[in-house]
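Here are my notes on the model you sent round, set out as numbered points. I have kept to the fold, the core and one helix with its surroundings.

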Amino acid sequence: MNKVTSNKNLDDIDFSVTIIGSGSPQYNPNRTQASALVQYKGIKFLVDMGNGTIEHLNELGLTGRNAPDALLLTHHHIDHNAEFIPMVHSKLMIPGNKFLVAGPSPIDEMVDYTKKFYKEDLNYRMKSRGRTFDENNSNEIVKVLKGGESFEYKGVKISTIEVPHSIKTLAYRFDVDGKSIVISGDLSYTNKLQKLAKNADILVMDGKIVSSQNRNKNQNSSNKKRNSRNSQRTSGNNSVKAHASIEEIAKMAKASNAKIMVLTHLGTQVIDEKATASKYSSLGFKGKVIVGADFLTITPDGNSFMLVKTNTSNTTNATQKRANRNSQSINNRNTYNSSSQKRDLMSRFDTNGDDRISEAEAKGSVKENFFRLDTNNDGFLSTKELRNMRNLRN
Ligand SMILES: [Zn+2]
């Protein structure tokens with residue numbers, strides 16, 4: 001396992017990358033498909049969103065108004081973009097909440113398609129919140145990228161290059177406060193990556209690992225064949241290799257002089273992390289090697305830790321919180337006033353103890369008036385929003 005220093009929350013960190021999904025197209029219960037979240041002081045850039053991304057974002061509480069501010073794609077392979085359309089759909093549901101979409105063509109057509117195809121559905125969902133979906137006045141900014149662009153979004157500089165893969169693919173670099181994070185995208189060997197990734201603090205790499213099954217022997221011939229088939233896979237008459245070999249990855253990382261390389265896009269083999277790190281070292285890459293894992297967060301100073309899953313860890317505290325509130329409301333039974341009434345509504349409906357009421361938790365008149373009460377449209381009722389129940393009753 002990676003050295004996990006502690007469990008933290010994104011709010012505690014200025015600049016980081018979290019591996020949301022460290023897997024590949026091959027089904028793996030331990031690794032969902034490709035996705036990485038670059039975060040700078042609460043501004044969140046989601047790079048790629050393969051199958052499983054939304055589930056993991058939900059576990060981290062990064063949905064609704066907490067959802068990523070920018071949706072970026074490296075390329076249009078299904079293990080990188082499967083959840084792009086549902087992500088766009090959920091961003092369109094929050095009027096006024098501007099968001100950036102960027103990636104290779106036809107990303108603009110995918111956004112237009114989402115708006116057309118889901119127009120009725122968006123209208124239906126927004127109507128229950130007293131709004132309508134206006135496709136001509138929606139809240140996205142779309143950038144079609146070719147590679148080579150450099151632009152700023154919310155104070156973070158984003159640079160791109162095209163990298164060789166079986167279809168048009170981009171690598172991204174994020175620069176802020178003299179620190180940098182690079183996401184390689186899927187790629188075969190190129191001497192162009194070293195320019196984009198020059199002196200990067202963190203290089204998140206389409207990686208190869210040393211498996212513990214073949215550490216002590218030479219790779220057997222079927223393994224060799226499979227690996228070479230995977231890295232040589234080509235598309236049609238295009239002769240570009242899809243992925244780089246471990247030697248080529250080491251060469252690109254060394255040439256870029258990255259401080260930390262995070263290996264991702266991993267298969268189902270059992271990984272020997274120690275052997276993997278020493279292999280890269282023996283191939284000339286002297287930076288730190290980190291084997292990626294879902295929810296692993298890495299900061300430019302080289303620390304790594306698993307991000308706290310708010311939606312599951314909360315349930316641990318939930319029982320205690322709920323117990324406290326219940327005993328409080330029993331104690332307050334004889335001094336019933338409007339403030340304990342507020343607490344009472346919260347404790348009656350907040351079954352998971354997260355101090356807010358979801359639509360599923362609400363019942364009766366609170367449920368009926370849910371969307372009128374949810375004035376900030378985050379899909380939850382706070383104590384403050386609950387106060388308006390009194391006004392509705394009057
Ligand atoms: Zn790919």
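1. How many helices and strands are there in the chain? In this predicted model, the chain holds 15 helices and 17 strands. Buried residues account for 38% of its 394 residues, and of the contacts between residues at least 6 apart in sequence, 62% join residues at least 24 apart.

2. An open sheet of 7 strands, with mixed pairing, follows the order β7-β8-β9-β10-β11-β12-β13. Its edge strands are β7 (150–153) and β13, each of which pairs on one side only, and the twist from one strand to the next averages 20 degrees.

3. Two of the pairings can be described in detail. Strand β10 (residues 179–183) and β11 run parallel and are joined by 3 bridges, with I181 standing opposite I202 in β11. β12 and strand β13 (residues 288–291) also pair in the parallel sense, over 4 bridges, and here M261 stands opposite V289 in β13. Together with α9, the strands β12 and β13 make a right-handed β-α-β unit.

4. The largest nonpolar core has 81 residues, and the members touching the most others are L71, A171, V182, I202, L203, M261 and V262. Strand β9 (residues 169–176) provides the largest share of this core, 5 residues. Apart from it lies another core, of 7 residues, which includes A362, F370, F380 and L381. As background, nonpolar side chains in soluble globular proteins tend to be buried together.

5. Which residues is V262 in contact with, once its neighbours within four places in sequence are left aside? They are I19, I202, V204, M205, I290, G292 and I298. Of these, I202 is also listed with V262 among the core members that touch the most others.

6. Helix α8 (residues 246–256) deserves a closer look, since its buried residues are I249, A250, M252, A253 and S256. These residues lie on the same side of α8, because they cover an arc of only 165 degrees around the axis. The general background is that an α-helix has 3.6 residues a turn, so residues three or four places apart point the same way.

7. What do the buried residues of α8 pack against? Their partners are α6 (193–196), β11 (202–206), β12 (260–264) and α9 (273–282); among these, β12 and α9 belong to the β-α-β unit with β13. Just after α8, N257 takes a positive phi of about 60 degrees.

Definitions and conventions. Residues are numbered from 1 along each chain as its sequence is written. This is a predicted model: local features need pLDDT of at least 70, side-chain atom pairs count only at pLDDT 80 or more; totals for chains, interfaces and linings use all residues. A nonpolar core is a set of buried Ala, Val, Leu, Ile, Met, Phe, Trp, Tyr and Cys residues joined through C-beta atoms within 7 Å. A residue is buried if 20 or more other C-beta atoms lie within 10 Å of its own, exposed if 12 or fewer, and partly exposed in between; C-beta atoms are placed from the backbone. Helices (H or I, at least four residues) and strands (E, at least two) are DSSP runs, numbered from the N terminus. Two residues are in contact if their C-beta atoms, placed from the backbone, lie within 7 Å. The arc is that of the directions from the helix axis to the C-beta atoms. Two strands pair if DSSP finds at least two bridges between them. A crossover is right-handed if, with the strands pointing away from the viewer, the path from the first strand over the helix to the second runs clockwise. Axes are lines fitted to C-alpha atoms, for helices over the stretch in contact, and angles run from 0 to 180 degrees between N-to-C directions.
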